[in-house]
Amino acid sequence: MIPLVLGAVADGLMIGLAYGLVAAGLGLIWGVMDIVNFAHGEHMLIAMYVTLLVTAELSVSPLLLLPVNAVLMFVVGYATYVFIIKRTMDGPVLGQVLCTFGLLLAIRYGIIYLVGPSTRTVSDFAFDGSTTAYGISISYPAVLTAVVSIVTIVLLYFLLERTSIGKAIRATAQDKQAAQVLGIKTDRIYAVSWGIGLAATGIAGTMIATYFPIQPSSTPGVWTIASFAAVALGGLGSIFGAVIGGIVIGLVQNVGATFLDPSYQQLYVYIVLIGALLYQREDILNWVTDR
């Protein structure tokens, strides 16, 4: 029984850190611009398929694709704001919701049109395999993904806390008009926030592709819902809050699958999401209003 519990907790922590990184990107965009990116999982899907296809065709290690996908997704995020989202900023919230939902459909079905709807996995990864310690099976790709997630989260934190662009992002999130008076170009900050948020998602997608099945219809939804739940738990704009929320989601999902029914994994996430929305404490955890 003890190895079973420890195994569920270890798996929950590792996938939870990946959820946390994806949620941090979602929470950054949401917290700075007050826009929910419903296409967040689909954006991650782009990085996953780049990893899958380049690895298969060119035998390039997914680890070497980390900076490539980070830059690629930064450009995708920046361009998404400049060419699409910016045009909805002065309109009703419903327009922004429909805009990101349209992006969801365009990316998802665009990928299905290009590569097909079948489920695929990265088959050639140097760190494939697992080991067993104290009766617990530990997947090497999952451990590596957790390590990369921690490093990226720390870098993201220092970027927002210790750099001039991070301070400008926080200032814009707190009060757009005051930031403009201080000379901050808020449109540029919005574009950079989209870029950073999707770059974090690109790094997560690269690593997750090494051990998580990739299916264009179902994979994005799984990660988008988990990210929403993590952000709802941790608070908008709180990097570490999103990470803690992601870990909670991972633990609930894996412990529930181990001791209840694995076919209801997504149901456990929905229950946490509903609970978080009912009892969220955004005013306490949100650094946008705290500072």
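## A tour from Glu 161 outward

Start by selecting Glu 161: it has a relative accessible area of 17%, so it counts as buried, the cut-off being under 20%. Keep in mind that this is a predicted model. Now add Arg 170, which forms a salt bridge with Glu 161, with their closest N and O atoms 3.6 Å apart. Is Arg 170 buried or exposed? Arg 170 is buried, at a relative accessible area of 16%.

**More salt bridges**

How many salt bridges does the structure hold? There are 3. For another, pick Glu 42 and Arg 108, whose side chains meet at 2.7 Å, N to O. Glu 42 sits in helix α2 (residues 40–58) and Arg 108 in helix α4, so this pair ties together parts that are 66 residues apart in sequence. Glu 42 has a relative accessibility of 1% and counts as buried. Arg 108 is buried as well, with a relative accessible area of 15%.

Next, show Lys 86 and Asp 187, a salt bridge with 3.4 Å between the closest N and O atoms. Lys 86 is in the loop between α3 (65–83) and α4, while Asp 187 belongs to helix α8 (residues 186–208), so the pair links parts 101 residues apart in sequence. Here Lys 86 is partly exposed at 39% relative accessibility, and Asp 187 is partly exposed at 34%.

**A stop in α4**

Go to helix α4 (residues 93–115) and click on Gln 96. Gln 96 counts as buried, with 10% relative accessibility. Setting aside residues up to four places away in sequence, which ones does Gln 96 touch? Look for Asp 34, Ile 35, Thr 88, Met 89 and Gly 91.

**Into the core**

In soluble globular proteins, nonpolar side chains tend to be buried together. In this model, the largest nonpolar core has 77 residues, and the members touching the most others are Met 33, Ile 85, Ile 169, Trp 194, Ile 208 and Trp 223. Helix α1 gives the largest share of this core, 15 residues. Zoom in on Ile 169: beyond four places in sequence, its contacts include Leu 28, Val 32, Leu 160 and Ile 189.

**The hairpin**

Switch to a cartoon view and find strands β1 (residues 130–133) and β2 (residues 136–139), which run antiparallel and are joined by 4 bridges. Ser 130 faces Ser 139 across the pair, and Thr 131 stands opposite Ile 138. The hairpin has 2 residues between its strands, and Tyr 134 takes a positive phi near 55 degrees.

**Where α10 comes in**

Helix α10 covers residues 239–259, and Gln 253 is found there. Gln 253 is buried, with a relative accessible area of 4%. Try a distance from its C-alpha to that of Ile 15: the two are 238 residues apart along the chain but separated by 9.5 Å. Leaving aside neighbours within four places in sequence, Gln 253 is in contact with Tyr 19, Gln 265, Gln 266, Tyr 268 and Val 269.

**Last stop: the surface**

Finally, turn on the surface and select Met 1, Leu 4, Val 5, Val 9, Leu 13, Val 255, Phe 259 and Leu 260, a nonpolar patch with about 700 Å² of accessible area together. The elements giving two or more residues to the patch are α1 (2–33) and α10. The largest share, 4 residues, comes from α1. Leu 13 lies in that helix, and at 37% relative accessibility Leu 13 counts as partly exposed.

Technical notes. Residues numbered from 1 in each chain as written. Predicted model: local features only at pLDDT ≥ 70, side-chain atom pairs only at ≥ 80, totals over all residues. Heavy atoms only, no water. Buried < 20%, exposed > 50% of the residue type's maximum accessible area, 1.4 Å probe, protein only. Contact = heavy atoms within 4.5 Å. Pairing = 2+ DSSP bridges. Patch = residues over 30% accessible without salt bridge, like charges linked within 9 Å, V, L, I, M, F, W, Y side chains within 5 Å. Areas by Shrake-Rupley, 256 points an atom, 1.4 Å probe, with all protein chains shown as cover. Salt bridge = Lys/Arg side-chain N within 4 Å of Asp/Glu carboxyl O. Core = buried A, V, L, I, M, F, W, Y, C linked by side-chain atoms within 4.5 Å.
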